[in-house]
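Q: Hey, I've just opened this one and don't know my way around yet. Can you walk me through a few spots?

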Amino acid sequence: MTLYVGDVSSHQGDNIDGIVADNNAVIVKVTEGNYYVNPNWQTQAQKVLNAGKKLGLYHFINAGVDNNTQAQYFLDTIGGYANQAGVALMLDFENMSNRTQYPTLTGNEPKAIADYIDAKTGKTTWLYIGYADIQSGYTWNDMKDRPLWVADYPSNDGSPYSQELQEWEDSHHFNVLKYWSTVTMWQYDSVPYDRSVFYGDEGTWDKLAGGTGSDSQPSDNQATFRSEPATSAIDKFISVANKFILAGSFVIDTCELQNDIYQVKSEELCADPFDWSHNGIPTKLLDDLDDMDGRSFEDGHRVAFKKNNQRGTIDKYDRSANAVGIDFLDGNGIIWFDADKFWNHE
């Protein structure tokens, strides 16, 4: 599945109703450097949310302006949106023709600004960049694990997105794309406004956008060289750079002392067949939501992973068992979970 995405700036003013209606998501320019704020951004963003559409907010990077200053300027401007679940935060990296107003970017700006934003919000900042700036002149090893929104216009004549257009891009440019193995979003045309496709569904958007309180379930693939959706949970994890978020609670079926540590079994997550050595979840990774003080971990109690264990990266996959393995770095090695249960859980 793909989402249709429009992006707007002050150029569109407050009258973006048509763009909102025609798209599943809209991305709004908010700031530039440390001196400019889109005067329409708040109205634009609210119209997107009021329509029940997905929202992205972006900062236009300037060279010669302190990176942390730019990042904080963006965060100060967007306020509570910075931590809002499902609101994607993005950086726009592009060199402009007016070198007097826009000095040439060094390529070091995105990582520094993105790292600052991530540290403040707990999200992962996306990068917008033109195809030419990926292929030549810059090195992007320090950004290649971030969601990529690439601009590349095969025709730029206002034509609608089509499978034929996607196949041309796949076979001419995405197949030789440097650094990134996955394209999250493709801006394929700028007529009559900037238009993109996002390779995934609303759940995938929310997963990549992050934010406090997100409870949507991502369920689609973002493989660079294919436009067909993923069908397995393992492929879905791969499509979001092997990232996982599991902030919701689950019920203890049983808690036992096994292998010299207390562990819990939960049918909501565990693989089948179950084995304490490979599938038990150590209680030290969990909070007992029904007994926060005593931490008794009694059968039937609701528990959740401690905050620092709620997000991370899948370490191993076992397709034959449809399982995902995660090392929580607690000294007990890999814990294997049922891939479908883990993917679909809050």
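A: Sure, we'll go through one strand and its partners, then a domain record and one residue. Keep in mind that this is a predicted model.

Q: Is strand 8 mostly covered or mostly open?
A: Mostly covered: strand 8 spans residues 185–189, and 5 of its 5 residues are buried.

Q: In which sense does strand 7 pair with strand 8?
A: Parallel, over 3 bridges, with strand 7 covering residues 148–151. Between them the chain passes through helix 6 (residues 163–172), and that β-α-β crossover is right-handed.

Q: Which residue stands opposite Val150 there?
A: That's Trp186, in strand 8.

Q: And how many bridges join strand 8 to strand 9?
A: There are 4, and these two strands run antiparallel, strand 9 being residues 194–198. A hairpin of 4 residues links strand 8 to strand 9. Across this pairing, Gln187 faces Ser196.

Q: New topic: what does UniProt list for residues 251–299?
A: An unreviewed UniProt entry gives that range as "domain: Lytic exoenzyme target recognition". In the model, the C-alpha atoms at the two ends of residues 251–299 are 8 Å apart, and the span is 8% helix and 33% strand.

Q: Where does Asn279 sit?
A: In helix 9, residues 276–279.

Q: Why does Asn279 count as buried?
A: Because its relative accessibility is 5%, and buried means under 20%.

Q: What's in contact with Asn279, sequence neighbours within four places aside?
A: Ala271, Pro273, Phe274, Ile335 and Trp336. With Trp336, a polar atom of the Asn279 side chain lies 3.1 Å from the backbone oxygen.

Terms used
Residues numbered from 1 in each chain as written. Predicted model: local features only at pLDDT ≥ 70, side-chain atom pairs only at ≥ 80, totals over all residues. Heavy atoms only, no water. Buried < 20%, exposed > 50% of the residue type's maximum accessible area, 1.4 Å probe, protein only. Pairing = 2+ DSSP bridges. Right-handed = clockwise from strand over helix to strand, strands pointing away. UniProt positions renumbered as here; feature names shortened; annotations may be inferred. Polar contact = N/O pair within 3.5 Å; in protein donor to acceptor, adjacent residues only side chain to side chain. Contact = heavy atoms within 4.5 Å.
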